[in-house]
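User: I'd like to learn how to read a protein model by eye. Could you take me through a few features, with the general idea each time and then the case here?

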Amino acid sequence: MPKSQAAKELAAKQKAEAKAAKERRKNSDNPKDWGTWKQLVETFKMTRKADPAVTWWVLGAVLIPIVVFVVLGIIITPWWMWLVVGIFAGAACGMWIFSRRARKAMYTRFKGQPGSAEVALSQLDKKKWTTTPAVAVSRQQDVVHRALGPGGLILVGEGHGNGLRKLMAEEKHRHEQVAYGVPVITMIMGEGKDQIPLEQLDKKIKKLPKTLDDARVNEVRSRLKALDAMRPRLPIPKGPMPASMKGSRNAMRGR
(Lines give C-alpha, C1' and ligand atoms only; values in the text may rest on other atoms or scores of the structure.)
Protein backbone atom coordinates (compact mmCIF):
# COMPACT_ATOMS: atom_id res chain seq x y z
CA MET A 1 0.00 0.00 0.00
CA PRO A 2 1.44 3.43 -0.93
CA LYS A 3 2.53 5.59 1.97
CA SER A 4 0.15 8.36 0.95
CA GLN A 5 -2.80 5.98 1.08
CA ALA A 6 -1.75 4.62 4.48
CA ALA A 7 -1.39 8.16 5.79
CA LYS A 8 -4.86 9.06 4.56
CA GLU A 9 -6.37 5.97 6.23
CA LEU A 10 -4.55 6.75 9.48
CA ALA A 11 -5.76 10.36 9.39
CA ALA A 12 -9.33 9.20 8.70
CA LYS A 13 -9.14 6.73 11.58
CA GLN A 14 -7.81 9.37 13.98
CA LYS A 15 -10.53 11.79 12.89
CA ALA A 16 -13.22 9.16 13.46
CA GLU A 17 -11.80 8.33 16.92
CA ALA A 18 -11.67 12.02 17.85
CA LYS A 19 -15.28 12.48 16.73
CA ALA A 20 -16.39 9.43 18.72
CA ALA A 21 -14.54 10.69 21.82
CA LYS A 22 -16.15 14.11 21.45
CA GLU A 23 -19.60 12.53 21.16
CA ARG A 24 -18.94 10.36 24.20
CA ARG A 25 -17.90 13.38 26.28
CA LYS A 26 -20.95 15.28 25.07
CA ASN A 27 -23.34 12.60 26.33
CA SER A 28 -21.28 11.52 29.35
CA ASP A 29 -22.55 11.85 32.92
CA ASN A 30 -18.96 11.78 34.23
CA PRO A 31 -17.90 15.30 35.33
CA LYS A 32 -14.34 14.58 34.20
CA ASP A 33 -15.63 14.62 30.62
CA TRP A 34 -17.42 17.95 31.03
CA GLY A 35 -16.14 21.33 30.01
CA THR A 36 -16.14 24.34 32.32
CA TRP A 37 -19.37 25.70 30.87
CA LYS A 38 -21.32 22.47 31.42
CA GLN A 39 -19.99 22.22 34.96
CA LEU A 40 -21.25 25.73 35.69
CA VAL A 41 -24.64 24.97 34.13
CA GLU A 42 -25.05 21.77 36.18
CA THR A 43 -23.96 23.58 39.33
CA PHE A 44 -26.48 26.33 38.65
CA LYS A 45 -29.31 23.81 38.15
CA MET A 46 -28.52 22.06 41.43
CA THR A 47 -28.15 25.36 43.29
CA ARG A 48 -31.48 26.66 41.99
CA LYS A 49 -33.27 23.57 43.36
CA ALA A 50 -32.15 24.43 46.89
CA ASP A 51 -32.05 28.21 46.41
CA PRO A 52 -34.65 29.44 43.86
CA ALA A 53 -33.63 33.06 44.47
CA VAL A 54 -30.10 32.48 43.13
CA THR A 55 -31.14 33.67 39.64
CA TRP A 56 -32.17 37.11 40.93
CA TRP A 57 -29.13 37.41 43.16
CA VAL A 58 -26.78 36.71 40.25
CA LEU A 59 -28.66 39.04 37.87
CA GLY A 60 -28.58 41.82 40.43
CA ALA A 61 -24.88 41.31 41.06
CA VAL A 62 -24.21 41.56 37.32
CA LEU A 63 -26.46 44.50 36.50
CA ILE A 64 -25.81 46.82 39.46
CA PRO A 65 -22.08 47.37 38.70
CA ILE A 66 -22.91 47.91 35.01
CA VAL A 67 -25.49 50.57 35.86
CA VAL A 68 -23.14 52.27 38.33
CA PHE A 69 -20.29 52.47 35.83
CA VAL A 70 -22.57 53.63 33.00
CA VAL A 71 -23.80 56.51 35.20
CA LEU A 72 -20.18 57.27 36.02
CA GLY A 73 -19.41 57.22 32.30
CA ILE A 74 -22.08 59.82 31.66
CA ILE A 75 -20.34 62.12 34.12
CA ILE A 76 -16.77 61.25 33.17
CA THR A 77 -16.34 60.53 29.46
CA PRO A 78 -15.74 58.44 27.47
CA TRP A 79 -18.81 56.48 28.55
CA TRP A 80 -17.96 53.36 26.53
CA MET A 81 -14.79 52.81 28.55
CA TRP A 82 -16.78 52.80 31.77
CA LEU A 83 -19.30 50.44 30.18
CA VAL A 84 -16.54 47.92 29.47
CA VAL A 85 -15.27 48.25 33.03
CA GLY A 86 -18.82 47.79 34.31
CA ILE A 87 -19.32 44.60 32.29
CA PHE A 88 -16.13 43.05 33.67
CA ALA A 89 -17.00 44.18 37.21
CA GLY A 90 -20.53 42.79 36.84
CA ALA A 91 -19.25 39.44 35.61
CA ALA A 92 -16.82 39.21 38.54
CA CYS A 93 -19.52 40.15 41.07
CA GLY A 94 -21.97 37.69 39.51
CA MET A 95 -19.50 34.81 39.74
CA TRP A 96 -18.64 35.70 43.33
CA ILE A 97 -22.29 35.81 44.38
CA PHE A 98 -23.02 32.59 42.49
CA SER A 99 -20.15 30.72 44.13
CA ARG A 100 -21.28 31.87 47.57
CA ARG A 101 -24.91 30.88 47.00
CA ALA A 102 -23.87 27.56 45.44
CA ARG A 103 -21.69 26.78 48.43
CA LYS A 104 -24.49 27.60 50.86
CA ALA A 105 -26.99 25.53 48.88
CA MET A 106 -24.61 22.59 48.79
CA TYR A 107 -24.22 22.54 52.55
CA THR A 108 -27.97 22.98 53.05
CA ARG A 109 -28.65 20.01 50.80
CA PHE A 110 -26.23 17.59 52.50
CA LYS A 111 -26.33 18.74 56.09
CA GLY A 112 -27.37 15.93 58.40
CA GLN A 113 -26.73 13.16 55.88
CA PRO A 114 -24.26 10.36 56.77
CA GLY A 115 -20.88 10.95 55.19
CA SER A 116 -21.53 14.65 54.60
CA ALA A 117 -18.11 15.64 55.97
CA GLU A 118 -16.76 14.48 52.60
CA VAL A 119 -18.53 17.47 51.03
CA ALA A 120 -16.64 19.91 53.27
CA LEU A 121 -13.31 18.14 52.78
CA SER A 122 -13.78 18.34 49.02
CA GLN A 123 -13.49 22.13 49.33
CA LEU A 124 -9.86 21.93 50.45
CA ASP A 125 -7.16 22.82 47.93
CA LYS A 126 -6.21 19.56 46.21
CA LYS A 127 -2.69 20.86 45.55
CA LYS A 128 -2.10 21.20 49.29
CA TRP A 129 -4.40 18.65 50.90
CA THR A 130 -4.99 14.93 50.45
CA THR A 131 -8.36 13.78 51.76
CA THR A 132 -9.52 10.21 52.31
CA PRO A 133 -13.22 9.75 53.08
CA ALA A 134 -14.39 7.00 55.42
CA VAL A 135 -11.06 5.54 56.52
CA ALA A 136 -13.07 3.81 59.25
CA VAL A 137 -16.77 3.00 59.67
CA SER A 138 -18.52 1.33 62.59
CA ARG A 139 -21.62 -0.85 62.50
CA GLN A 140 -23.55 2.09 63.91
CA GLN A 141 -22.48 4.11 60.81
CA ASP A 142 -20.06 6.29 62.76
CA VAL A 143 -17.49 7.50 60.23
CA VAL A 144 -13.94 8.81 60.40
CA HIS A 145 -12.48 10.80 57.49
CA ARG A 146 -8.90 11.94 57.05
CA ALA A 147 -7.11 15.01 55.70
CA LEU A 148 -3.37 15.53 55.35
CA GLY A 149 -1.76 18.81 54.41
CA PRO A 150 0.29 21.77 55.63
CA GLY A 151 -1.95 22.12 58.68
CA GLY A 152 -1.15 18.58 59.81
CA LEU A 153 -2.83 15.18 59.97
CA ILE A 154 -6.52 15.59 60.77
CA LEU A 155 -9.15 12.98 61.58
CA VAL A 156 -12.75 14.13 61.22
CA GLY A 157 -15.46 12.08 62.89
CA GLU A 158 -19.20 12.14 62.38
CA GLY A 159 -21.68 10.15 64.37
CA HIS A 160 -23.09 10.01 67.88
CA GLY A 161 -22.24 8.92 71.39
CA ASN A 162 -19.58 6.68 72.85
CA GLY A 163 -19.29 4.64 69.67
CA LEU A 164 -17.83 7.56 67.74
CA ARG A 165 -15.50 8.54 70.58
CA LYS A 166 -14.19 4.96 70.76
CA LEU A 167 -13.73 4.79 66.99
CA MET A 168 -11.91 8.14 66.97
CA ALA A 169 -9.61 7.04 69.80
CA GLU A 170 -8.76 3.81 67.95
CA GLU A 171 -8.03 5.63 64.70
CA LYS A 172 -5.95 8.29 66.44
CA HIS A 173 -3.82 5.57 68.03
CA ARG A 174 -3.37 3.77 64.68
CA HIS A 175 -2.36 6.96 62.91
CA GLU A 176 0.03 8.05 65.67
CA GLN A 177 1.88 4.76 65.26
CA VAL A 178 2.75 5.57 61.63
CA ALA A 179 2.88 9.39 61.86
CA TYR A 180 6.23 9.31 63.71
CA GLY A 181 5.98 12.47 65.75
CA VAL A 182 3.38 14.27 63.64
CA PRO A 183 0.47 15.24 65.93
CA VAL A 184 -2.90 13.77 64.98
CA ILE A 185 -5.61 16.41 65.26
CA THR A 186 -9.16 15.20 65.86
CA MET A 187 -12.36 17.07 65.02
CA ILE A 188 -16.00 16.08 65.42
CA MET A 189 -18.44 17.40 62.84
CA GLY A 190 -21.92 18.16 64.13
CA GLU A 191 -24.15 20.70 65.81
CA GLY A 192 -23.44 19.76 69.43
CA LYS A 193 -21.13 21.28 72.01
CA ASP A 194 -17.46 21.34 70.96
CA GLN A 195 -18.47 20.14 67.49
CA ILE A 196 -17.87 21.85 64.16
CA PRO A 197 -20.85 22.48 61.83
CA LEU A 198 -20.56 21.12 58.29
CA GLU A 199 -20.40 24.57 56.68
CA GLN A 200 -17.49 25.62 58.93
CA LEU A 201 -15.39 22.46 58.75
CA ASP A 202 -13.22 23.32 55.75
CA LYS A 203 -12.67 26.87 57.09
CA LYS A 204 -11.54 25.44 60.42
CA ILE A 205 -9.00 23.18 58.70
CA LYS A 206 -7.73 25.96 56.41
CA LYS A 207 -7.08 28.20 59.43
CA LEU A 208 -4.77 25.66 61.08
CA PRO A 209 -1.19 26.94 61.35
CA LYS A 210 1.26 25.42 58.87
CA THR A 211 3.21 22.69 60.66
CA LEU A 212 4.30 20.40 57.80
CA ASP A 213 6.37 21.19 54.71
CA ASP A 214 5.90 19.35 51.40
CA ALA A 215 8.62 16.78 52.13
CA ARG A 216 7.08 15.90 55.49
CA VAL A 217 3.59 15.67 53.97
CA ASN A 218 4.83 13.25 51.29
CA GLU A 219 6.60 11.17 53.91
CA VAL A 220 3.49 10.85 56.08
CA ARG A 221 1.33 10.17 53.01
CA SER A 222 3.48 7.15 52.12
CA ARG A 223 3.10 5.75 55.62
CA LEU A 224 -0.65 6.26 55.53
CA LYS A 225 -0.85 4.26 52.30
CA ALA A 226 0.85 1.38 54.10
CA LEU A 227 -1.60 1.72 57.00
CA ASP A 228 -4.61 1.67 54.65
CA ALA A 229 -3.23 -1.36 52.80
CA MET A 230 -3.30 -3.37 56.02
CA ARG A 231 -6.95 -2.61 56.72
CA PRO A 232 -9.58 -5.27 56.04
CA ARG A 233 -11.97 -4.43 53.24
CA LEU A 234 -15.20 -3.10 54.71
CA PRO A 235 -18.56 -2.34 53.09
CA ILE A 236 -17.97 1.41 53.38
CA PRO A 237 -21.00 3.48 52.38
CA LYS A 238 -20.40 6.01 49.65
CA GLY A 239 -20.50 9.69 50.50
CA PRO A 240 -23.55 11.78 49.68
CA MET A 241 -21.92 13.92 46.99
CA PRO A 242 -23.33 13.23 43.49
CA ALA A 243 -21.12 13.15 40.41
CA SER A 244 -22.29 16.51 39.12
CA MET A 245 -21.43 18.16 42.42
CA LYS A 246 -17.95 16.61 42.38
CA GLY A 247 -17.43 17.91 38.90
CA SER A 248 -18.15 21.48 39.91
CA ARG A 249 -16.08 21.88 43.05
CA ASN A 250 -14.13 24.81 41.71
CA ALA A 251 -17.30 26.79 41.14
CA MET A 252 -18.33 26.28 44.75
CA ARG A 253 -15.01 27.13 46.37
CA GLY A 254 -15.65 30.79 45.90
CA ARG A 255 -12.49 31.23 43.85
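Analyst: Sure, and let's begin with a cut-off: buried means under 20% relative accessible area, exposed means over 50%, and partly exposed is in between. Keep in mind that this is a predicted model. Take Gln-141, in the loop between E1 and strand E2 (143-149). Its relative accessibility is 43%, so Gln-141 counts as partly exposed.

User: Okay, and how much of the chain counts as buried?

Analyst: Of its 255 residues, 38% do. Gly-157 is a clear case, sitting in strand E3 (residues 152-158) with 0% relative accessibility, so it counts as buried. The C-alpha atoms of Gly-157 and Val-144 are separated by 4.4 Å, with their positions 13 residues apart along the chain. For the opposite end of the scale, look at Pro-52 in the loop between H2 and helix H3 (54-75). Pro-52 counts as exposed because its relative accessibility is 58%.

User: How many helices and strands does the chain have, and in what order do they run?

Analyst: There are ten helices and four strands. Starting at the N terminus, the order is α-α-α-α-α-β-β-β-α-β-α-α-α-α.

User: Now backbone angles. What should I look for there?

Analyst: Most residues other than glycine have a negative phi, and most peptide bonds are trans. With that in mind, check Gln-141 again: it isn't a glycine, yet its phi is positive, about 70°. Ala-134 is another one, with a positive phi near 50°. Ala-134 belongs to strand E1 (residues 130-137) and, at 9% relative accessibility, counts as buried.

User: And which residues does a cis peptide bond join?

Analyst: Thr-77 and Pro-78, with omega at about 5°. You'll find Pro-78 in the loop between H3 and H4.

User: Let's move to charges. What's the idea behind a salt bridge?

Analyst: Side chains of opposite charge can pair when their charged atoms come close. The cut-off here is a side-chain nitrogen of Lys or Arg within 4 Å of a carboxyl oxygen of Asp or Glu. The structure holds ten salt bridges. One of them pairs Glu-42 with Lys-45, where the closest N and O atoms are 3.9 Å apart. Both residues lie in helix H2 (residues 36-50), and because they are three residues apart, about one helical turn separates them. Lys-45 has 41% relative accessibility, so it counts as partly exposed.

User: Which parts of the chain does the pair of Asp-202 and Arg-103 tie together?

Analyst: First the contact: the closest N and O atoms of Asp-202 and Arg-103 are 2.5 Å apart. Asp-202 is in helix H7 (residues 198-206) and Arg-103 is in helix H4, so this pair ties together parts that are 99 residues apart in sequence. Asp-202 is buried, at 0% relative accessible area, and Arg-103 is buried too, at 11%.

User: Where do Lys-111 and Glu-199 lie?

Analyst: Those two side chains meet in a salt bridge with an N to O distance of 3.1 Å. Lys-111 is in the loop between H4 and helix H5 (117-121), while Glu-199 is in helix H7, so the pair links parts 88 residues apart in sequence. Lys-111 is partly exposed, with a relative accessible area of 37%, and Glu-199 counts as partly exposed at 26%. Elsewhere, salt bridges with shared partners join Arg-103, Asp-202 and Lys-206 into one network.

User: Which residues form a nonpolar patch on the surface?

Analyst: They are Trp-79, Trp-80, Met-81, Val-84, Val-85 and Phe-88, with about 650 Å² of accessible area together. Try clicking on Val-85, which is in helix H4 (residues 79-110). Val-85 has 36% relative accessibility, so it counts as partly exposed.

User: Last one: how do I read a pocket?

Analyst: Rolling a probe the size of a water molecule over the atoms shows where empty space is left. Here, the second largest pocket has a volume of about 300 Å³. It is lined by 16 residues, and the closest to its centre are Gly-112, Glu-158, Gly-159, His-160 and Met-189. By class, the lining of this second largest pocket has four nonpolar, nine polar and three charged residues.

Methods
Residues are numbered from 1 along each chain as its sequence is written. This is a predicted model: local features need pLDDT of at least 70, side-chain atom pairs count only at pLDDT 80 or more; totals for chains, interfaces and linings use all residues. Side-chain values use heavy atoms; hydrogens and water are left out. On a 1 Å grid over the protein atoms alone, a cavity is a set of points where a 1.4 Å probe fits but cannot get out, and a pocket is an open set with protein on both sides within 12 Å along at least five of seven lines; lining residues have an atom within 4 Å of a point. Grid points are joined across faces, edges and corners, and a volume is the space filled by probe spheres set on the points. Ala, Val, Leu, Ile, Met, Phe, Trp, Tyr, Cys and Pro count as nonpolar, Asp, Glu, Lys and Arg as charged, and the others, Gly among them, as polar. Patches are made of residues with over 30% relative accessible area and no salt bridge: like charges are joined within 9 Å, nonpolar side chains (Val, Leu, Ile, Met, Phe, Trp, Tyr) within 5 Å. Accessible areas come from the Shrake-Rupley method with a 1.4 Å probe; for residues, only the protein chains shown count as cover. Helices (H or I, at least four residues) and strands (E, at least two) are DSSP runs, numbered from the N terminus. Buried means under 20% relative accessible area, exposed over 50%, partly exposed in between (1.4 Å probe, protein chains only).
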